[in-house]
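Thanks for making time this morning; I would like to walk through a single structure, taking charged side chains and cysteines in turn. Please have the view open as I speak.

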Amino acid sequence: MQPKHWGALYFLILLADLCVIAFDIPYARFATKPLIMILLGFYGWSQAGCLPHRSKNFILAAIIFSWSGDVFLLFPHYFIAGLVSFLTAHLLYTGFFLTVQPKPKPGWKEGAVLVVIIIYAVRLVQRLVANLGDMKPAVIVYTAVISLMFLSAVRAFGLNSSKAGRLCIGGALLFVLSDSILAIEKFLTPFPGSGILVMLTYGIAQWMIVDGSLRHLKTAK
């Protein structure tokens, strides 16, 4: 199947999941939500399975852990397991970005991004901390890891990067946004449409990171 066909199928299922959320059909999500990462996994394997680069395993493993995180989060009492799954996925994406060579020389723009994301992460935790209870250490660690994942994407490709790099950096940024919305909705204040925003940004983020990573691997020596 051509990449554009995988993309069409992926976003069709993502749209179906968003509709299920919008029309409040919770049991249907047991079909639509896990299928999103399954399709992304098949796409990733179809494009990278024959590539010689061992770093592809970081991406494929991250998809698997993202899928398990999606499944765990379908059950509220497995929230911690879902958190650990996504924490692992972020570490795997970070591992991939660290393997990218050659890395561009960082400039003032990358330095500014570093400062902004640190300030953002600290401010987010400060807003949430009063409501975290026993979850405080886990949320702090998770916030640090996802911030590191975004920064590692910026470090890997630089802000003046190829299309592959822009996809990875944009996807990592959307992942930070998605998890931020989820944290605000869960620990601070629920708001209308938060579930749709979480899945929309998450679904686009995952596709961008995986597609960007595969584009890079196909051109890497």
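**Cysteines, salt bridges and a surface patch**

To begin with the cysteines, there are zero disulfides in the structure, and I should say at once that what we are looking at is a predicted model. As a reminder, a disulfide is a covalent bond between the sulfur atoms of two cysteines. As for cysteine exposure, Cys19 is partly exposed, because its relative accessibility of 34% lies between the 20% and 50% limits, whereas Cys168 has a relative accessible area of 0% and is therefore buried.

Let me turn to the charged side chains, where the count comes to two salt bridges. One of them is formed by Arg29 and Asp17, whose closest N and O atoms are 2.7 Å apart. This pair links distant parts of the chain, with Arg29 in helix H2, which covers residues 29-48, and Asp17 in helix H1, the two being twelve residues apart. Both Arg29 and Asp17 are buried.

The salt bridge between Arg215 and Asp211 has its closest N and O atoms 3.1 Å apart. How far apart are Arg215 and Asp211 in helix H8? They are four residues apart in that helix, which runs over residues 194-219, so about one helical turn separates them. In terms of exposure, Arg215 is partly exposed, because its relative accessible area of 36% falls between 20% and 50%, while Asp211, with a relative accessible area of 9%, is under the 20% limit and so counts as buried.

That brings me to a charged residue without such a partner, namely Asp179, which is found in helix H7, residues 163-187. Asp179 is buried yet has no salt bridge, and the nearest side chain of opposite charge, that of Lys33, is 9.9 Å away. What, then, is Asp179 in contact with, leaving aside its neighbours within four places in sequence? The residues in contact with Asp179 on that basis are His90, Tyr142 and Ile146.

Finally, a word on the surface, where Met1, Leu9, Leu12 and Leu15 make a nonpolar patch of about 390 Å². Of these residues, Leu15 belongs to helix H1, which spans residues 3-22, and Leu15 counts as partly exposed because its relative accessibility is 47%, which is not over 50%.

Note on methods:
Residues are numbered from 1 along each chain as its sequence is written. This is a predicted model: local features need pLDDT of at least 70, side-chain atom pairs count only at pLDDT 80 or more; totals for chains, interfaces and linings use all residues. Side-chain values use heavy atoms; hydrogens and water are left out. A disulfide is a pair of cysteine sulfur atoms within 2.5 Å. Buried means under 20% relative accessible area, exposed over 50%, partly exposed in between (1.4 Å probe, protein chains only). Patches are made of residues with over 30% relative accessible area and no salt bridge: like charges are joined within 9 Å, nonpolar side chains (Val, Leu, Ile, Met, Phe, Trp, Tyr) within 5 Å. Accessible areas come from the Shrake-Rupley method with a 1.4 Å probe; for residues, only the protein chains shown count as cover. A salt bridge is a side-chain nitrogen of Lys or Arg within 4 Å of a carboxyl oxygen of Asp or Glu. Lys and Arg count as positive and Asp and Glu as negative; His and the chain ends are not counted. Contact means heavy atoms within 4.5 Å.
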